[in-house]
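Biologist: Could you help me see where the words in a structure description come from? I would like to set each value against its definition.

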Amino acid sequence: MTVSGQAETMTVIPLVDLRAAHAEVAAEIQAGFDEVMGSAAFVKGEVAAAFEREYAAFTRVAHCVGVANGTDALELALRAAEVPAGAEVIMPANTFVATAEAVVRAGARPAFADVDPDYLLLDPGSLQAALNQQTGAVIPVHLFGQMAPMTAVADVTARHGTVIIEDAAQAHGATQGGRPAGSFGLLAGVSFYPGKNLGAYGDAGAVLTGSAEHARRVRLLGDHGSERRYEHLTIGFNSRLDALQAVVLRAKLRGLAAGNQARRQAAGRYAELLADVPEVILPRTAPGNEHVWHLYPVRVPCRDEVLRCLHEEGIGAGIHYPVPVHLQPAFRHLGHGPGDFPVAEAVARQLLSLPLYPQITREQQVRVADAVRRALT
Ligand SMILES: Cc1ncc(COP(=O)(O)O)c(C=O)c1O
């Protein structure tokens, strides 16, 4: 792909290169698709069950239940945990809106905590301040590819006996103290949206849990409240994993660890290439975390201007996220205003995600870093 610049036509460097990712697994996926077409078993089926087993093994969690998308995964996890209607569910203010949407859809009320200024993850002190008698659960979000501080979150919530549900949508393969994302909470929600480190070719998601009973509840709720055909034990939803998506996910799962390693290498290269640009605050990895760099968000002054310059040079930078959830119009009814979560609000004005994907080349990264440098001078 190219764009016409002032002086020349230049190749676009996308934020995420899904075409390059597809090229690596195209043949295997085609063969898998042919098999599914032949069987005509399009929803769930053996291929989805096989993926569930493989992803459970990858995350070292006993149960993985495939669902339709990551938002459903979080909603079904909250419902399976029986978080009471109207209870508060605390999450960081700096997350994708789906974390809060899932809470509302599960009949609970989003409550927010700030993030820490170093790693931009749920701040245990702010979490502690937000906990109260109404708290029904906390959702630490493993944002950008590294895990929220789970030991501190567990310590803070232990006194209240609060349920922990991990939002592991951006952290496929990330670990903390060697333990994988999704293996800490009672349940975890995962997204396989196409741009994720493990991405389907459409929407898909999963719930992870060590509890057979909670896995059973998620499966029941996601399949019209039914375990046996035409027997509906509860009012459920239609949220299941499609066989074609499972084919894609199985093929891509085999390359996930190598892809994450390539992302770490690329993140290291950006750190080198941008080390001499004092205006750029580089993302950092919290001690004990193995980062999988779903995104590479730097912090820069005059972010929108820098973004515009990068786009002009054919560089697909992005913003994650321009408006913290507590300031989104959809959540106005919660009564928050500017200044309530100052770190999340400040970083929302500064964050700029640079292109990062396993296949990105050093040459491409040099071009991105040079463009950032030019935009800041
Ligand atoms: C942090 C976070 N939570 C939840 C979701 C929701 O996932 P999905 O888009 O699959 O519904 C996403 C991804 O989009 C996400 O990034």
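Modeller: Gladly! Buried means under 20% relative accessible area, exposed means over 50%, and partly exposed lies in between, all with a 1.4 Å probe and protein chains only. This is a predicted model, where local features need pLDDT of at least 70, side-chain atom pairs count only at pLDDT 80 or more, and totals for chains, interfaces and linings use all residues. Residues are numbered from 1 along each chain as its sequence is written, and side-chain values use heavy atoms, with hydrogens and water left out.

Biologist: Why is His224 called partly exposed?

Modeller: His224 has a relative accessible area of 35%, and the middle class runs between the cut-offs of 20% and 50%, so His224 is partly exposed. This residue is found in the loop between helix 7 (212-222) and strand 12 (226-228). Helices here are DSSP runs of H or I with at least four residues, strands are runs of E with at least two, and both are numbered from the N terminus.

Biologist: What makes the phi of His224 worth a remark?

Modeller: Phi of His224 is positive, about 60 degrees, although His224 is not a glycine. Most residues other than glycine have a negative phi, and most peptide bonds are trans. Glu82, just after helix 3, also takes a positive phi, of about 55 degrees. As for peptide bonds, a cis one joins His320 and Tyr321, with omega about 10 degrees. Tyr321 lies in the loop between helix 10 (303-312) and helix 11 (342-350).

Biologist: How do you know whether Glu46 is buried or exposed?

Modeller: Glu46 has 55% relative accessibility, and exposed begins over 50%, so Glu46 counts as exposed. Glu46 is found in helix 2 (residues 45-59).

Biologist: Why is the pair of Tyr55 and Phe58 called stacked?

Modeller: The structure holds eight aromatic pairs. One of them is Tyr55 with Phe58, at 5.9 Å centre to centre and 20 degrees between the planes. Rings of Phe, Tyr and Trp (its six-membered ring) pair if their centres lie within 6.5 Å; planes under 30 degrees apart count as stacked, over 60 as edge-to-face and the rest as tilted. Both values fit, so this pair is stacked. Tyr55 and Phe58 are three residues apart in helix 2, which means about one helical turn separates them. Tyr55 is buried at 2%, while Phe58 is partly exposed at 27%.

Biologist: What makes the pair of Trp293 and Tyr296 tilted?

Modeller: Their centres are 5.2 Å apart and their planes 35 degrees apart; that angle is neither under 30 nor over 60, so the pair is tilted. Trp293 counts as buried at 7%, and so does Tyr296 at 1%. Trp293 has a positive phi near 45 degrees.

Biologist: How do you know that the charged end of Arg179 sits over the ring of Phe184?

Modeller: The charged end of Arg179 is 4.0 Å from the ring centre of Phe184. The definition asks for NZ of Lys or CZ of Arg within 6 Å of the ring centre and within 35 degrees of the ring normal. The distance fits, and Arg179 is listed as sitting over the ring.

Biologist: Why is helix 3 called largely enclosed by the rest of the structure?

Modeller: Ten of the eleven residues of helix 3 (residues 70-80) are buried, so helix 3 is largely enclosed. Among the buried ones are Gly70, Asp72, Leu74 and Ala80.
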